[in-house]
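This report describes the fold, the helix packing and the charged pairs of one protein chain. Please consult the sequence and the structure shown below while reading.

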Amino acid sequence: LTLPERTLSLSSGNLLALDKSILHDVVAVEDSTILLTLSGEPSRPQVHPHVLDSLIEDHKRFGKLLDLMSDQIAQFQLGKQPDYDLLRDIFDYMTNYPDRLHHPHEDMIFERIVQRLPSTCVKVQNLMAQHKGIAESGARSLRRLQSAADDVMLPREAVEQPALQYIQLYRDHIRMEQQEVFPLCREHLRTEDWEALAADFAREDDPLVHNPADGRYRALHRQMTELLAGKDYRA
């Protein structure tokens, strides 16, 4: 039996255990019978995690909305007023789809990865806490912008800094999920995990994607199409 650093001679009745990662060659010097036993966890056919791919597609859409929001906030630097109606639509969407559906789905996935890989616990707890922080920040900004729609004058600092903080927090959050946690989910979650998650997820179409012309986000969808066509998300 040839191993990377030495060669062993095995006679009748000898037993040798090798890890699966050790390369080796076996040569019979005379007619022989070898009993080979394989042990360990059986391999499992993996289902491609379409759930995770769907969340990443959501992230791309959220990223474009953050870009659009950033472009509007930049109007302050030019001495102009942003489009408060557009900002209100963005925050309305973000609090009515990501906060209510997308983030709870991610929380369910994160709970699974902690079960499979306990070392992710601190990182996952941080992400789940960010979900709550993002939702609270978005709801506060939406209330301010709804006041502006009711002809209540808003000072610049009531809109600009909270929006910039929201944008940065969201971008950092998405980056951490996609670079640090989602790859671990792909590697360690099993077929039964993805099947159970898919079965437990709430079913609801994204209102910005499905028939936006007939919905409340028609103007927002048009703005995204006109202003952001072909632009990459500024992560």
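## Surface patch and overall fold

Leu 10, Leu 16, Leu 18 and Ile 22 together make a nonpolar surface patch of about 300 Å². The model is a predicted one. Of the patch residues, Leu 10 sits in the segment before helix H1 (50-73). Leu 10 is partly exposed, its relative accessible area being 47%.

The protein contains seven helices and zero strands. Read from the N terminus, its elements follow the order α-α-α-α-α-α-α. Of the 235 residues in the protein, 37% are buried. The exposed area of the protein is about 14600 Å², and 50% of this area is supplied by carbon and sulfur atoms. When contacts between residues at least 6 apart in sequence are considered, 77% of them join residues at least 24 apart.

## Helix H6 and its partners

Helix H6 spans residues 191-200, and Thr 191, Asp 193, Trp 194 and Leu 197 are buried in it. Viewed down the axis of H6, these buried residues fall within an arc of 165°, so they line one face of the helix. The face turned away from the buried side of H6 carries Ala 199 and Asp 200, which are exposed. As for packing partners, the buried residues of H6 pack against H1, helix H3 (98-116) and helix H5 (156-188).

One of these partners, H3, has 19 residues and reaches 25 Å from its first C-alpha to its last, close to the 27 Å expected at 1.5 Å a residue. The buried residues of H3 include Pro 98, Asp 99, Leu 101, Phe 110 and Ile 113. Three histidines, His 102, His 103 and His 105, also belong to the buried set of H3, as do the acidic residues Glu 106 and Asp 107.

## Salt bridges

The count of salt bridges comes to 13. Three of the pairs are set out in the table, with the distance between the closest N and O atoms.

| Basic residue | Acidic residue | N to O distance |
|---|---|---|
| Arg 171 | Asp 67 | 2.7 Å |
| Arg 88 | Asp 85 | 2.8 Å |
| Arg 116 | Asp 193 | 2.9 Å |

How far apart in sequence are the parts that Arg 171 and Asp 67 tie together? The side chains of Arg 171 and Asp 67 meet in a salt bridge. Arg 171 lies in helix H5 and Asp 67 in helix H1, so the pair ties together parts that are 104 residues apart in sequence. Both Arg 171 and Asp 67 are buried.

The pair formed by Asp 85 and Arg 88 lies within one helix, H2 (residues 84-96), where the two residues are three apart, about one turn of the helix. Asp 85 counts as partly exposed, at 44% relative accessibility.

A further salt bridge joins Arg 116 to Asp 193. Because Arg 116 lies in helix H3 and Asp 193 in helix H6, this pair ties together parts that are 77 residues apart in sequence. Is each partner buried or partly exposed? Arg 116 is partly exposed, with a relative accessible area of 31%, whereas Asp 193 is buried, with a relative accessible area of 1%. Arg 116 and Asp 193 also belong to a network of salt bridges that links them with Arg 112 and Glu 192. Asp 193 is thus named both in this network and among the buried residues of H6.

## The loop after H6 and Arg 61

Asp 205 is placed in the loop between H6 and helix H7 (218-228). At 52% relative accessibility, Asp 205 counts as exposed, the cut-off for that class being over 50%. Which residues does Asp 205 contact, leaving aside its neighbours within four places in sequence? Asp 205 is in contact with Tyr 97 and His 210. Asp 205 and Leu 101 are 104 residues apart in sequence, while their C-alpha atoms are 10.0 Å apart in space.

Arg 61 is located in helix H1. With a relative accessibility of 18%, Arg 61 counts as buried, since buried means under 20%. Not counting residues up to four places away in sequence, Arg 61 touches Tyr 93, Asp 206, Leu 208, Val 209 and Met 224.

Technical notes:
Residues numbered from 1 in each chain as written. Predicted model: local features only at pLDDT ≥ 70, side-chain atom pairs only at ≥ 80, totals over all residues. Heavy atoms only, no water. Patch = residues over 30% accessible without salt bridge, like charges linked within 9 Å, V, L, I, M, F, W, Y side chains within 5 Å. Areas by Shrake-Rupley, 256 points an atom, 1.4 Å probe, with all protein chains shown as cover. Salt bridge = Lys/Arg side-chain N within 4 Å of Asp/Glu carboxyl O. Helix = DSSP H or I, 4+ residues; strand = E, 2+ residues; numbered from the N terminus. Buried < 20%, exposed > 50% of the residue type's maximum accessible area, 1.4 Å probe, protein only. Arc of directions from axis to C-beta. Contact = heavy atoms within 4.5 Å. Expected span 1.5 Å × (residues − 1).
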